[in-house]
2 protein chains.
Amino acid sequence: MAEAGVRGGSRRSFLKQVGAAGGAGAMFATMGALGLAPTAAADAREPAFRAPRSGDFTLKGRGAAKVVVGGGIAGLASAYELGKAGYDCTVLEARDRSGGRNFTVRGGDVTVDVDGVRQHARFSEGQYMNAGPGRIPQWMVTMDYCRELGVPLEVFTNTNANAYLYNEKAGMKAPVRYRTAKADVYGYVSELLAKATDKGALDKEITRADQERLMEFLKDYGDLGERMTYSGSERRGFTVDPAEAGVPGVRLGGVPSASEVFASGVGRYFSFEFGYDQAMLMFQPVGGMDRIPRALARAVGVHRIRTGAVVTKITDRADGVSVTYTHGGRTERIEADYCIAALPPNILAKTAHNLGGAVQSALEACRTFSAGKIGLEYKSRWWESDHRIYGGITETDLDLSHIWYPSYGHHGRRGLIVGYYNYGAQADAYAKLSPQARMERAVAQGVKIHGEKYRTELAAHLSHHWRQTPHLETAWHSLAGGPDAPVFAPLNKAAGRVYFAGDYLSHTDAWQHGAFTSARKAVGALHARVLA
Amino acid sequence: MAEAGVRGGSRRSFLKQVGAAGGAGAMFATMGALGLAPTAAADAREPAFRAPRSGDFTLKGRGAAKVVVGGGIAGLASAYELGKAGYDCTVLEARDRSGGRNFTVRGGDVTVDVDGVRQHARFSEGQYMNAGPGRIPQWMVTMDYCRELGVPLEVFTNTNANAYLYNEKAGMKAPVRYRTAKADVYGYVSELLAKATDKGALDKEITRADQERLMEFLKDYGDLGERMTYSGSERRGFTVDPAEAGVPGVRLGGVPSASEVFASGVGRYFSFEFGYDQAMLMFQPVGGMDRIPRALARAVGVHRIRTGAVVTKITDRADGVSVTYTHGGRTERIEADYCIAALPPNILAKTAHNLGGAVQSALEACRTFSAGKIGLEYKSRWWESDHRIYGGITETDLDLSHIWYPSYGHHGRRGLIVGYYNYGAQADAYAKLSPQARMERAVAQGVKIHGEKYRTELAAHLSHHWRQTPHLETAWHSLAGGPDAPVFAPLNKAAGRVYFAGDYLSHTDAWQHGAFTSARKAVGALHARVLA
């Protein structure tokens, strides 16, 4: 990727100039002449990162540079990249496993939250819940790390035409499938725009020829009838599916009016799948998201990783860094040449350090967020057999927000649904309840959409809330003005011999991509300094 | 499924009555009161099929009823279902493997077309092309057979935001990604409808309140600015992806005008994913589509399957059916109680039989179709590393029509692209060429979209055309007026002791679902007759 970055970069600058001068047409033409797809420059998806290499310098004679890092994705990635050049890294991880918020819950796992609430996951073999990150877009460097580390991937189903939409507050009496809602919304939008065009409302906006092209598009897009009106479509679905001769199928009836469709608010969910970070295809590691930190840990060397090591003090000195931590009830200290502080900023802000007031102010300016998920394991995969939903997300205006159907184990005996994935006040409201009460509330909501099997088939559950998770205490962060705002400048460079890394110091907060690219930045800067 | 079908059926009839009487609102409300999702009736995706069972009758004493069937999906499914009740089935298959058009090409396979053109597949281990069916929608019974037969599934990528659209004839100088084209089309459509609404063009169509809801939808759907105009969006993509602090990303530039967007014709591809049979999610068996016929063949019993058996005559008699066939140069005959003639109708029409003129007319009325695919194996998965395309379909107005990126083997060393999947005249044009010339033409076209690696990384190729495939001679069929038109009535019932089955006798022609449901119909009728 590094080479592609450099090569693509120069082409990109050239094309940007052409684009600025001549507009899209000129740029496309130039690209054509160059034999470039408009997105061929996307080879260069990110600024070049050149990983440290064993041949970069000889560490012999002065001893390997020692670096202390954290145990989340940013810390592990830092140790992994530095390790390529022979740095002697130690990973200090406060929790009992590395990976940070990349946490996959399986049967036998025990969680204890900051209030001492203990849960024992009783999920079956093969069932898991990715409590933290659950999806990877194609363009993110997380994909490259999966390739490099040999972590097999499969599709994560971010969008499924058969999943439901249910806006109870908007007065919907029953859920509708995505495909049905889309057919209705796109149908009426197309009909309305066709009518307006027909009335001449766009005569000043676009030419007659463009209007004709638009009408052609709308007819197809909205599945409009001869008179350019929408009266339902087989895209809505069927109550009896088309099958053998004699069974042409029975279309789903009860086409709502345009007014009913707009009032239902289902259209608000459609733009989700256009997002640069949410558009399908998305991926997940086969077997659980924590295959990534596990692979990183293996590559780093498990002997370098100390779990249960809670950092209590970071002292930057002219010739090195002291990191004090507690481990098994004892206080220990490690002396290193450098430190990449990859703790969450909210935790680092509560840790003693001598990095200065500006650093402390910046850390304190990183706002925390609540988010929670509940894993509901079922005795059967009734959503597949009864509802024909093989993965995907049901969107609601209920307090559970999203329901995720599993993107793995199709046709297996059991399956695990994420019964809520919610944020902010909704997450806090669930977090206040006991695990049992969270389950009962989530199930009562889910029954409204799926019927009684949502309750009767339930086999096991575990809920996880990030603000209540020790040593993390947040799901992600919000940095006012973004990570490049002046107040955060002290975190974007070294404080003496201490570097900072984490997804919060990126433009893709809450994505592993942010942690990886932030780590690469710290590694690059540290390595350049050592080489200098 | 049978039970669900019966139960769902009664609910369905009731709801249909409510729907007819009270409209959508009443129906939704009733469903809510019943605790039913609107699509809970979709439990009953198809009319109840009750598979024959071993307890249905005792075959002892009169000998097992003998049935002869064909070796495609319809034939294998017939033998499989009848076998559950102990029928003695023989599968006669003209080709050297069963499965019919469900044909997965792997390294080592040899194909010979009707003109004697021989191809030897030199694909690497693990690489394959599904020359026939390649995808399965969630709702089709093919999914149920995969579950029942233990055929593992994975997502087939029918839609990918990162795949390309390229309309050369429309004057596009370079491809655009789906996500970019969607952002532009939806952006301008939203802007135009917002303008029309603002001008009062919809005042007679929808209420002011609905207009406000519509405007809210359009702003989000089109990613419109404050003044409800479209001026690009991050949904289009980036030339430098957002990453660590300091790298906010550079948006893909050169936003085309509305006129340019409509003229490009990219919007014509968007409705594909709304189709009831094409909407994501779609699935494929892990390892190749022929895992389905292989599993069926195992379940039927390989000793019951005679490959290389070309049926030459079917004679219906009062007390049985004689089927004559050639096998290894010899003519053989099998006497059976019944026959399910699951040959393609165009082949059956050329086979001697005494089933009557109406049957022959019906068979001759089934029109055939051309379709072809070429598998291009590459030495690297450059579409993943360089283009960030992990599966999906690039749509074009070139003569290759569709390009399929593989939905399996991500991050592997090699990969296989379907370089064209085209129909009709385009397929015929390629079929006329030598395999080498087909490859050269397809590659020359693909280079326009992907650049030179499309040529330089090529390792192996094989093209397959269904009209040129012996014993099949068509990709699928077209029945004027559908399979329930009067002319086809003789095929939808028994001709004496001969039943007909095949996807052509369904409302989902060219889908395995059609073959399965058609087989179920024949099996049900035959079994009911035997039981009577």
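Why is strand E1 of chain A largely enclosed by the rest of the structure? Before I answer, please keep in mind that what we are looking at is a predicted model. Strand E1 covers residues 66-70 of chain A, and four of its five residues are buried, so the strand is largely enclosed by the rest of the structure.

Let us look at the partners of this strand, beginning with strand E2 of chain A, residues 88-93, which runs parallel to E1(A) and is joined to it by five bridges. If you would like one pair to find on the screen, take A:Lys66, whose bridge partner in E2(A) is A:Asp88. To get from E1(A) to E2(A), the chain passes through helix H2, residues 73-83 of chain A, and this β-α-β crossover is right-handed. E1(A) is also paired with strand E18 of chain A, residues 338-341, again in parallel, through three bridges, and here A:Val67 has A:Tyr338 as its bridge partner.

Now let us turn to chain B, where strand E22, residues 392-396, is mostly covered, with five of its five residues buried. From this strand, B:Gly392, B:Thr394 and B:Thr396 point one way, while B:Ile393 and B:Glu395 point the other way.

Strand E9 of chain B, residues 164-166, runs parallel to E22(B) and is joined to it by two bridges, with B:Leu165 standing opposite B:Glu395. Strand E23 of chain B, residues 402-405, by contrast runs antiparallel to E22(B), with four bridges between them, and B:Ile403 is the bridge partner of B:Thr394. E22(B) and E23(B) form a hairpin with five residues between them, and in the turn B:Ser401 has a positive phi of about 65°.

Conventions. Residues are numbered from 1 along each chain as its sequence is written. Chains are lettered from A and ligands numbered from 1 in the order in which they are written. This is a predicted model: local features need pLDDT of at least 70, side-chain atom pairs count only at pLDDT 80 or more; totals for chains, interfaces and linings use all residues. Side-chain values use heavy atoms; hydrogens and water are left out. Buried means under 20% relative accessible area, exposed over 50%, partly exposed in between (1.4 Å probe, protein chains only). Two strands pair if DSSP finds at least two bridges between them. A crossover is right-handed if, with the strands pointing away from the viewer, the path from the first strand over the helix to the second runs clockwise.
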